[in-house]
Amino acid sequence: MAGHASKQIDAKTLWGGKISPFSTSYGKLMMWFFLVSDALTFSGLLIAYGFTRHDYLGSWPIGEETFESLPFLGNGFPLIYVALMTFILIVSSVTMVLAVEAGHRMDRKGVTKWMIATIIGGFFFVGSQAWEWSHFIHGSDFGRVELADGSQAIVKGKFGEIKNFEVVTAGHHLAVGEKVTEDLKHEYTHAVAGGHVHNGMITLHDGSVAKINKEANTDMRLIVKELGGKYAMGDEIKGAEAIRLYEEVVNSGEANRVIYGANLKQNEYGPQHYGQFFFFITGFHGFHVFSGVMINILILLGVVNGVYHKRGHYEMVEKTGLYWHFVDLVWVFVFTFFYLV
Amino acid sequence: MLRDDIIEYSLDAHHSEEQGVKLRKKIWKVTAILTLITAIEVVIGSVIKQADASWYIVKWVLIILTLVKAAYIVLSFMHLGDERKGLRYVILIPYFIFALYLIYILITEGNAIAAILTEFAS
């Protein structure tokens, strides 16, 4: 949009001299240089991810198997949520460029309108990322299992609802015959991970032992991700055999044979590095989006107060726009290299 | 009067209503393209499995689609396509030299380490 100067440019705009490199303003050029350096940081992170993935001998988590949940709707929607996030960010980039366009026409109302839309889009994206993190940390219904032969498999299927825990041996607080009906799923996954479930019985925190009244899991599939001996990489175990193997592990009473969710030390999706890169890369990007939203809000205040209108141009909107588009640009790459390939 | 000490200047990029209509049309066109590419990527990604023999090609298709998307964002939304040629190259060339070098060196190194680990494991 190289406009043609129609009036004389004052000395301040000309970087205090008589020339302005690349016919662009100081602020815009510096924003570009900052973006190049920031782009290099993100390249470094993504290429480090590629390096780790290439030197890793086992199987690396696959995007469409790892990210397949939607809020309120459950599992079975591979990549739809991330695609939605991508779309939200692209749309907020569009509203930003429309704000810049309105600024060129000195249309203050238009700039305000599109800036507000951009900020809303930004908040939606940050919120989506918060949900995704929460989901990633808490994990799936089934977790990742270590089978009898030592191989490890991720598990897909429909989790049967837990009705209650019926106490059969009294502990410190609960008496025989009492039924626990609250926080069942949470208790259950903790007990399974800790090896406190044995032959359909769960040992609760107060030491009481209870019978687990639970509907059967259905549609189960185990996909082998780590070699043990019996299975090949990527083998899929289905049907009754899958249910039998899974129940065997859950009811073994051994700790750490089922891992749920993710932290910095281990995760159910794949190697330790995978979780760390997930947190670092999407976290660093999310932080950029958050800063972008904050900067956009500051600029919006300027627009509403007429600061830029008095100045005679909306270049500040253009400069924050550059940053905002950059954040979108980074996400395009994160989307491809973290989720798609 | 034409003066040679006043240079073309993007700061004065005000445009008229008619130009605005044209620009907005272009913006919506780019939006449609970006959305379409994202949709195609997701469909390809969820239909074709990584274990498939054709995955190698799919991977490159996805990477190329990503670069097309990135080019649209940088050149159209960030208006780099409208800036001076010199500015364009000052931004893109150093970046691409560093990024391509880093990709080459680290992917090669990653593969080499995998080869060594495999050798010692067996």
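## A loop around A:Pro61

Helices here are DSSP runs of at least four residues, numbered from the N terminus. With that in hand, we can start our tour of this predicted model. A:Pro61 sits in the loop that links H1 and H2 of chain A. Is A:Pro61 buried or exposed? Its relative accessibility is 5%, and because buried means under 20%, A:Pro61 counts as buried.

Now look for the partners of A:Pro61. Setting aside neighbours within four places in sequence, A:Pro61 is in contact with A:Thr66, A:Tyr269, A:Gly270, A:Pro271 and A:Tyr274. Take A:Pro271 from that list: A:Pro61 and A:Pro271 are 210 residues apart in sequence, yet their C-alpha atoms are 8.2 Å apart in space.

## A:Phe67 and its partners

A little further along chain A you will find A:Phe67, in the loop between H2 and H3. At 8% relative accessibility, A:Phe67 counts as buried. Not counting residues up to four places away in sequence, A:Phe67 touches A:Phe77, A:Pro78, A:Leu79, A:Val82, A:Glu132, A:Phe136, A:Tyr274, A:Phe278 and A:Tyr339. A:Tyr274 is also a contact of A:Pro61. Another residue to find is A:Tyr269: it is 202 residues from A:Phe67 along the chain, and 9.9 Å separates their C-alpha atoms.

## Aromatic pairs

How many aromatic pairs does the structure hold over all chains? There are 31. One of them joins A:Phe34 and A:Tyr323, which are stacked, with 6.3 Å from centre to centre and 25 degrees between the planes. A:Phe34 belongs to helix H1 (residues 26-55) of chain A and A:Tyr323 to helix H9 of chain A, so this pair ties together parts that are 289 residues apart in sequence. A:Phe34 is partly exposed, with a relative accessible area of 37%, whereas A:Tyr323 counts as buried at 9% relative accessibility.

A:Phe67 returns in another stacked pair, this time with A:Phe278: the ring centres are 5.7 Å apart and the planes meet at 25 degrees. A:Phe67 is in the loop between helix H2 (63-66) and helix H3 (80-104) of chain A, while A:Phe278 lies in helix H7 (residues 272-304), so the pair ties together parts that are 211 residues apart in sequence. Both A:Phe67 and A:Phe278 are buried.

## Charges over a ring

Next, turn to A:Phe159. Which residue has its charged end over the ring of A:Phe159, 4.3 Å from its centre? That is A:Lys214. A:Lys185 also lies over the face of A:Phe159, at 4.7 Å from the ring centre.

## A buried serine

A:Ser92 lies in helix H3 of chain A. A:Ser92 is buried, with a relative accessible area of 2%. Leaving out residues up to four places away in sequence, A:Ser92 touches A:Thr118, A:Gly121, A:Gly122 and A:Trp324.

## Where chains A and B meet

Two packed helices are described by the angle between their axes and the distance between the axes. Helix H9 (residues 315-340) of chain A and helix H2 (residues 55-77) of chain B have axes that come within 10 Å and cross at roughly 175 degrees. The angle makes H9(A) roughly antiparallel to H2(B), because angles over 145 degrees count that way.

On the chain A side, the contact includes A:His325, A:Asp328, A:Leu329 and A:Val332. On the chain B side, the residues include B:Trp55, B:Leu62, B:Lys69 and B:Phe77. By class, the contact of H9(A) with H2(B) has 14 nonpolar, three polar and two charged residues.

## A look at chain B

Chain B has three helices and zero strands, giving the pattern α-α-α along the sequence. Of its 122 residues, 33% are buried. Among contacts in chain B between residues at least 6 apart in sequence, 57% join residues at least 24 apart.

## Two positive phi angles

Finally, visit two loops. A:Met106 has a positive phi of about 55 degrees although it is not a glycine. A:Met106 is placed in the loop between H3 and helix H4 (108-138) of chain A, and at 24% relative accessibility A:Met106 counts as partly exposed.

In chain B, B:His79 is also a residue other than glycine with a positive phi, near 60 degrees. B:His79 is found in the loop between H2 and helix H3 (85-121) of chain B. B:His79 is buried, with a relative accessible area of 12%.

Definitions and conventions
Residues numbered from 1 in each chain as written. Chains lettered and ligands numbered in written order. Predicted model: local features only at pLDDT ≥ 70, side-chain atom pairs only at ≥ 80, totals over all residues. Heavy atoms only, no water. Axes fitted to C-alpha atoms, helices over the stretch in contact; angles between N-to-C directions. Parallel < 35°, antiparallel > 145°, perpendicular 65-115°, else oblique. Contact = heavy atoms within 4.5 Å. Nonpolar A, V, L, I, M, F, W, Y, C, P; charged D, E, K, R; others polar. Phe/Tyr/Trp six-rings, centres within 6.5 Å; stacked < 30°, edge-to-face > 60°. Buried < 20%, exposed > 50% of the residue type's maximum accessible area, 1.4 Å probe, protein only. Lys NZ or Arg CZ within 6 Å of the ring centre and 35° of its normal.
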